[in-house]
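Please look through the structure below slowly, with the sequence beside it, and then follow the paragraphs that come after it.

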Amino acid sequence: MKTAFFFLSLVLLAMSSSFAQKNTEFLQITTVESVVPGGLGRSRMISTGPDGKIEETKMENFFSLVGINFGNIKDNDQIVTTKLNSLAKEGWELMHVNSGVYGADKSTGIFVTRYVFRRPTAE
């Protein structure tokens, strides 16, 4: 499954470069949301800007000690929505969204979503 994510990343990169115009820059956001019982997993939003600068934002796990935590899911949705709205105000256009699930077994795994944005440069 890791190979599939790597291959998909290469395909997205190739697609992005084929659509690239001289005056366009790209930004990618990846959310990794943990699906591990007991709240033991780690969840993050990673933003990679056109300059290669990486920003990491902590997110909540889907599960707490008592099971699915809808409050955590709501909080994660708010974090992602706030980021998307901020990028839209900065002129970024959402080009592509891809998501997938990796499960180590029937009770654990991760939910990954990738967002690819573009915007014209000032040049």
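The strands named here, like the helices, are DSSP runs numbered from the N terminus, where a strand (E) has at least two residues and a helix (H or I) at least four. The model is a predicted one, in which local features need pLDDT of at least 70 and side-chain atom pairs count only at pLDDT 80 or more, while totals for chains, interfaces and linings use all residues. Residues are numbered from 1 along each chain as its sequence is written, and side-chain values use heavy atoms, with hydrogens and water left out.

A good place to begin is the sheet, which is open and has 5 strands in the order β3-β2-β1-β7-β6, with antiparallel pairing; two strands count as paired if DSSP finds at least two bridges between them. Because β3 (54-59) and β6 (93-102) each have a single partner strand, they stand at the edges, and one side of each is left without a neighbour in the sheet. Neighbouring strands of this sheet are turned by 15° against each other on average, direction ignored, where axes are lines fitted to C-alpha atoms, for helices over the stretch in contact, and angles run from 0 to 180 degrees between N-to-C directions.

At one edge, β6 pairs with β7 (residues 109-120) in the antiparallel sense over 9 bridges, and Asn-98 has Arg-114 in β7 as its bridge partner. At the other edge, β2 and β3 run antiparallel and are joined by 6 bridges, with Thr-48 standing opposite Ile-54 in β3. These two strands form a hairpin with 5 residues between them, and Gly-52 in the turn has a positive phi of about 85°.

Helix α2 (residues 70-89) lies across β1 (24-35), β2 (43-48), β3 and β7, and runs at about 150° to β3. Now consider Thr-57, which is placed in strand β3. Is Thr-57 buried or exposed? Thr-57 is partly exposed, because its relative accessible area is 23%, and this term covers values between buried (under 20%) and exposed (over 50%), taken with a 1.4 Å probe on protein chains only. Leaving aside neighbours within four places in sequence, Thr-57 is in contact (heavy atoms within 4.5 Å) with Ser-43, Arg-44, Met-45 and Ile-79.

Met-45 also belongs to the largest nonpolar core, which has 9 residues in all, including Leu-27, Val-80 and Phe-117; such a core is a set of buried Ala, Val, Leu, Ile, Met, Phe, Trp, Tyr and Cys residues joined through side-chain atoms within 4.5 Å. The elements β1, α2 and β7 give two or more residues to this core.
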